[in-house]
Amino acid sequence: MQFLARAVELDSIARLGVSSAGGALVFTGEHGIGKTRLMAEALARSSLRAVLVQTNPAESAWPLSGFTAVFASIDDPRAVEFAGRFTLRSTEPQQVFAAARDLLTMLRGLGLPPLLILIDDLDRMDEISQTLIGFMAGRLAGTGLRVVATAERLAGDHMLAFRESPLAPLSFAEAAELVQGELGPSADAGTVQILAARSGGNPLVVEQSAHALTADQIAGREALVLPMRPPRAMKAVSAVRVASLSPAARAVAEDVAMAPLSDVGRLTGDDVERIDALEELLYSGLVDVHGQVVRMHDPLLRSYLYWSLEPHHRRDRHRELAALGDGPRDRTRAWHESFAPAGRTVVAELLEAATALTEAGESDAAVEFAERALLIDPDLTTDHEGMHRFASALAAQGLLDLASRYVARVHVGTPTAAESLRLATTRIGIELSRSHVVPTDDVEASVSLYGDDDPLAAAVLLSMISSFHSGRWDLEEARRWLLLAGLFVEKAGETPTGYTDAARMVDAVDGRSSVRPVAARLSSDDLQELSVWSLTAFATVLCYQERYAQARRVVNVVFHDHPTAHLARSWAWSLSLINEIRAGDFRRAHAVVEYWNAEPIDSERDHAGRALAMTWHALTLGLRDEANERAEECTSRGSAERNPAVLARLSTFLGTDALLRRDLDEAVRLFTLADAGSAHIDNLSLVRHADGLIEALTLSGRPAEAETVLQRMLVQQRERPSTWLDLAVARSRAVLAPDEAAPALFDAAVALHEEHAGDYDLGRALIAQGDRLSRLGLRGASETVLATAAAAFERAGASQWARRASAGEPVVVRDADSIMTLLKAEERVIAELVRRGLRNREIAGELFISLRTVELRLTHIYRKVGARSRSHLASLLN
């Protein structure tokens, strides 16, 4: 199996290997965490000669057996001979240390070439060998040896010379990748998610749990038994963790393990002893309590406790817990009742509880309820509708792999047209969200088969597809699907909300002056009555109608009132970023990206739109390497999703950055790419590349080509009027004007920007004016205008452009060396001290200057290099 997730640890081993001073490092972690695999991978990747010593626990009773194995691995006859003759006259500490000094002296005399010794399970060697190796570990300089070891934990002072590095559990994404590798590429993606979430991040648990599944379970055709039976690897570890618990705490822990989550009051009641026992579990870190809900912290420990109970005891305890008091028990009563040996079927209740839990953000617990329902009734003979609702709830949460797993289990025996179309809409929506590609054949087949029998449902499905295409600025396809939806609306005699939303989105993206009326403002009560998808559609319309503050308000309703609608929130984050970039508010736009990245959901797939957002974020912060990497990802995903609009926007962002740096040839190339990629988009205010193309062509000495672009803008200004296009035309006319006409045209353009534009667009007009004045020899006027431009960019949060305006010269590629060249000598000294982590007062003391002087110089440094804070400056320099 391919080694995963230990890049940081492998890097630290590599650094130790090239260190001239030698040294020793030990990785610690529980059984199965991947220590042996790490050693094997380090051996395979080592750039210098390396050997791996596998500890034999059977020899731990033989003094010096481990030491002999280590010396034999050195593969030098003199070292082997010395080890063969080596004996200890006494195991007293003084004698052991004296012997270790002799060993070090001998090794330094051998003049060995550099050697990396990897020792797996050092803590399982005999104690004398551990003591000798531990003493030597801190004194390896001059021996040529580097030692890297693994151990479950460090015990005893003799191990203190090792630098300890605990191995953390795998992240969810890493565990999922490992599960996928174990199960194979054809494994059901939902099964992969479920196993990863219950692995505890332990690679050995992943391996053993994966091997315990049947072929049908791997393919998603058979339910999983949850909690999963504890793998052999973790039984002993879990037993140790609970061995020190009091009897009362052990009993409460077993009750907590009986369900994916439980109610605190049900577990403890008024029993003081059980209340104290729960406190003991909480203090020991074995359980988590949020409000009145308690759950096991570690899924592996829960599995151990659950399956260590005798079957009859589990059955009796399930029955007792089902009968306990009121409260949140309604969510788990069906769970406990489902274990009754002969009782009523509770599949419908399990699925209803699963849906409620999902909507409450408890998706892990919900999955257990759904799997339990499938174990009881694999064919869902009477509860397909419940499973459909559950899958839809998962999809709304953005848990698309899980949603796909469960919607595949919905098979209605003799479905009505309405049932068939609703199911098809759910499946198509999930696939659309997963791949960002419309499954055209599925849509057309579903509508042709069932649309005439249920035209309203057909109109809803087709409106969803139209809205998706509008979001990609693919208006030809959006209109085609909307036209078809309109035919079914006429048949139905009723207009669904989704159809109205889709029609307004088409109009807004198209940008024509004759559009359907949209309310100028909705009250808070009106907004709260809209569905989350209607809210995102309304915000989209407002954004493209250049009503940015109102769009921001509507998006904030989505974020505030719909915290668990992750799929809609993902759309809203993307739209929010578009809105702030169009508004020219870079500060808010950067905040959007940072909050979007902080969304607490693991299953949201990266897509071209998200990659584009990250590219813009890195570009406008001057993080060139990251921006290039993100741009490559965006290009790859945009091509896979067949999304030319996102590629055109990417070229626009990159072209604007090239223009900022005055790389004119590159700017022309990129803006031309954006122009070609958006040829199907008539509304120039969407991609917003035309004014940049005119500026780049003009500065490159190609005014005739620039004039052609301007004429196209003038046509669009009449057909699709917008504030941005008015501003862009005014600025472009001034840029193209001959020297004698340019000052007056720039004055008019700046006046128009001051009245209607945001600070970023105003800054773009001012910096173009300042550059032209400089070329005309009006140096004083140019400096005044550029200073005003810098202030406008600072207000907008466009730090790179502010720096360009302040410097009066192109911005260079940002790296530590280039940053330092921008600074004066005294500023470079302060920047270096910031890089080393000194605070302002410490810097003042170091340089014998006042604290105020330090603060002033730091302000100048931030402005020059585009840093937002001390930590940002330190990260740039590092």
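**View 1. R688 in the loop between α36 and α37.** In this predicted model, R688 lies in the loop that runs between α36 (684-687) and α37 (690-699). The phi angle of R688 is near 60°, which is a positive value in a residue other than glycine. R688 is buried, with a relative accessible area of 14%, because buried residues are those under 20%.

**View 2. E546 and its backbone angle.** E546 is placed in the loop between α28 (532-544) and α29 (548-561). As in the preceding view, the angle of interest is phi, which for E546 is near 65°, again a positive value in a residue other than glycine. Most residues other than glycine have a negative phi, and most peptide bonds are trans.

**View 3. The cis peptide bond between L226 and P227.** The peptide bond that joins L226 and P227 is cis, with omega at about 0°. P227 belongs to the loop that lies between α10 (215-219) and α11 (232-243).

**View 4. W335, F339 and the charged end of R372.** The count of aromatic pairs in the model comes to 11. Among them is the pair formed by W335 and F339, which is edge-to-face, with 5.3 Å from centre to centre and 70° between the planes. Both W335 and F339 are buried. The ring of F339 also has a charged partner, since the charged end of R372 sits over this ring at 3.8 Å from its centre.

**View 5. The edge-to-face pair of W533 and W571.** Another aromatic pair, again edge-to-face, is formed by W533 and W571, whose rings are 6.2 Å apart from centre to centre with 90° between the planes. This pair links distant parts of the chain, as W533 is in helix α28 and W571 is in helix α30 (residues 566-583), 38 residues apart. W533 counts as partly exposed at 41% relative accessibility, and W571 also counts as partly exposed, at 28%.

**View 6. An aromatic cluster and an arginine over a tryptophan ring.** One aromatic cluster is formed by F586, W616, Y760, F793 and W801. Shown separately is R480, which lies over the face of W481 at 4.5 Å from the ring centre.

**View 7. A nonpolar patch on the surface.** V225, L375 and I376 form a nonpolar patch on the surface, and together these residues have about 210 Å² of accessible area. One of them, L375, lies in helix α19 (residues 363-376). At 35% relative accessibility, L375 counts as partly exposed, and L375 therefore passes the patch requirement of over 30% relative accessible area.

**View 8. V192 and the residues it touches.** V192 is found in helix α8 (residues 189-197), where V192 is buried, with a relative accessible area of 4%. When residues up to four places away in sequence are not counted, V192 touches A176, V179, Q180, L183 and A187. S284 serves as a distance reference for this view: V192 and S284 are 92 residues apart in sequence and 30 Å apart in space, taken from C-alpha to C-alpha.

Methods. Residues are numbered from 1 along each chain as its sequence is written. This is a predicted model: local features need pLDDT of at least 70, side-chain atom pairs count only at pLDDT 80 or more; totals for chains, interfaces and linings use all residues. Side-chain values use heavy atoms; hydrogens and water are left out. Helices (H or I, at least four residues) and strands (E, at least two) are DSSP runs, numbered from the N terminus. Buried means under 20% relative accessible area, exposed over 50%, partly exposed in between (1.4 Å probe, protein chains only). Rings of Phe, Tyr and Trp (its six-membered ring) pair if their centres lie within 6.5 Å; planes under 30 degrees apart count as stacked, over 60 as edge-to-face and the rest as tilted. A charge sits over a ring if NZ of Lys or CZ of Arg is within 6 Å of the ring centre and within 35 degrees of the ring normal. Patches are made of residues with over 30% relative accessible area and no salt bridge: like charges are joined within 9 Å, nonpolar side chains (Val, Leu, Ile, Met, Phe, Trp, Tyr) within 5 Å. Accessible areas come from the Shrake-Rupley method with a 1.4 Å probe; for residues, only the protein chains shown count as cover. A salt bridge is a side-chain nitrogen of Lys or Arg within 4 Å of a carboxyl oxygen of Asp or Glu. Contact means heavy atoms within 4.5 Å.
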